[in-house]
Amino acid sequence: LDALAVASPKAATVRNRIRSLTGDTANAVGGLFELRVLLPLITPPNELIELAPPIGAGTRRAEAVVRVAAHDLYVEATIFTRQDTFFAEGGFVRFDPTEQQGKEGAALMNKILEKARQCEAADKPVLLFIAEGMVTTGLTLGRDPRAWAMSGLSRVSGAPSVSAVVFAKDVHCASATLHA
């Protein structure tokens with residue numbers, strides 16, 4: 001938090017980010033994930049250019065603009081919440097791993113497309129971080145919903161405003177997988 005406070009001239013924005021950690025669970029977890037994502041991206045030799053910048057000339061905002069290896073990037077981070085759930089009502093009649101991979105992949109793809117729409121006006125590359133959270137059943141079965149989601153983007157005209165997606169295993173962003 002100190003690195004963010006020192007690096008940002010927007011003290012009110014930093015206070016709001018810190019305050020989100022004490023709010024309801026979804027906001028607190030989302031705020032934690034954003035901070036975990038940003039910390040290595042604003043630690044030297046990287047640099048925070050702007051916190052909560054408008055995306056392009058639009059009114060929507062990203063988490064930050066950072067400079068990594070002399071390149072300016074928008075950073076957007078998102079978690080899965082109850083509204084993103086992909087589980088059908090009722091119990092399983094029979095469990096089908098392929099069907100589960102498709103459900104999880106569709107949930108991931110929809111989240112990427114949602115963020116792509118948010119970043120349509122981007123005038124810099126957008127690096128999207130997603131905390132998979134509960135969308136990992138397929139991974140334990142040897143089926144990758146992330147690959148399913150990324151291949152599905154090409155079938156729905158893609159997400160051109162998103163340059164790369166980083167799938168974090170959890171909100172602590174302890175391990176991540178880059179898909180460009």
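Which residue is the bridge partner of Leu-127 in strand 5? Ala-164 is that partner, and the legends below walk through its surroundings and a few other spots in this predicted model.

**View 1. Strand 4 and strand 5 run parallel, joined by five bridges.** Here you can find Leu-127 paired with Ala-164 of strand 5. Strand 5 covers residues 164–168, and five of its five residues are buried. Look at either face and you will meet covered side chains: Ala-164, Val-166 and Ala-168 sit on one side, while Val-165 and Phe-167 sit on the other.

**View 2. Strand 5 also pairs with strand 6, this time in the antiparallel sense.** Four bridges connect strand 5 to strand 6, which spans residues 176–179. A handy place to start is Val-165, which has His-179 of strand 6 opposite.

**View 3. Strand 3 pairs with strand 4 in the parallel sense over six bridges.** Strand 3 is made up of residues 71–79, and strand 4 of residues 126–131. To get your bearings, pick out Glu-76, whose bridge partner in strand 4 is Leu-128. Seven of the nine residues of strand 3 are buried, so the rest of the structure largely encloses this strand.

**View 4. Strand 2 and strand 3 form a hairpin with two residues between them.** The two strands run antiparallel and share five bridges. Strand 2 takes in residues 64–68, and Ala-64 is matched with Val-75 in strand 3. Take a moment for Ala-69 in the turn, where phi is positive at about 50°.

**View 5. Glu-47, Arg-67 and Asp-72 are linked in a network of salt bridges.** Arg-67 meets Glu-47 at 3.6 Å, N to O. Arg-67 belongs to strand 2 and Glu-47 to strand 1 (residues 47–51), so this pair ties together parts that are 20 residues apart in sequence. Arg-67 also forms a salt bridge with Asp-72, at 2.7 Å, N to O. Each member of the network is partly exposed: Arg-67 has a relative accessible area of 31%, Glu-47 has 38% and Asp-72 has 25%.

**View 6. Asp-123 and Lys-124 form another salt bridge, at 3.6 Å, N to O.** Asp-123 is exposed, with a relative accessible area of 53%, whereas Lys-124 is partly exposed at 26%. The count of salt bridges comes to five.

**View 7. Asn-110 lies in helix 4, which spans residues 97–118.** With 45% relative accessibility, Asn-110 is partly exposed. Asn-110 and Ala-149 are 39 residues apart in sequence, and their C-alpha atoms are 8.4 Å apart in space.

How values were computed: Residues are numbered from 1 along each chain as its sequence is written. This is a predicted model: local features need pLDDT of at least 70, side-chain atom pairs count only at pLDDT 80 or more; totals for chains, interfaces and linings use all residues. Side-chain values use heavy atoms; hydrogens and water are left out. Buried means under 20% relative accessible area, exposed over 50%, partly exposed in between (1.4 Å probe, protein chains only). Two strands pair if DSSP finds at least two bridges between them. A salt bridge is a side-chain nitrogen of Lys or Arg within 4 Å of a carboxyl oxygen of Asp or Glu.
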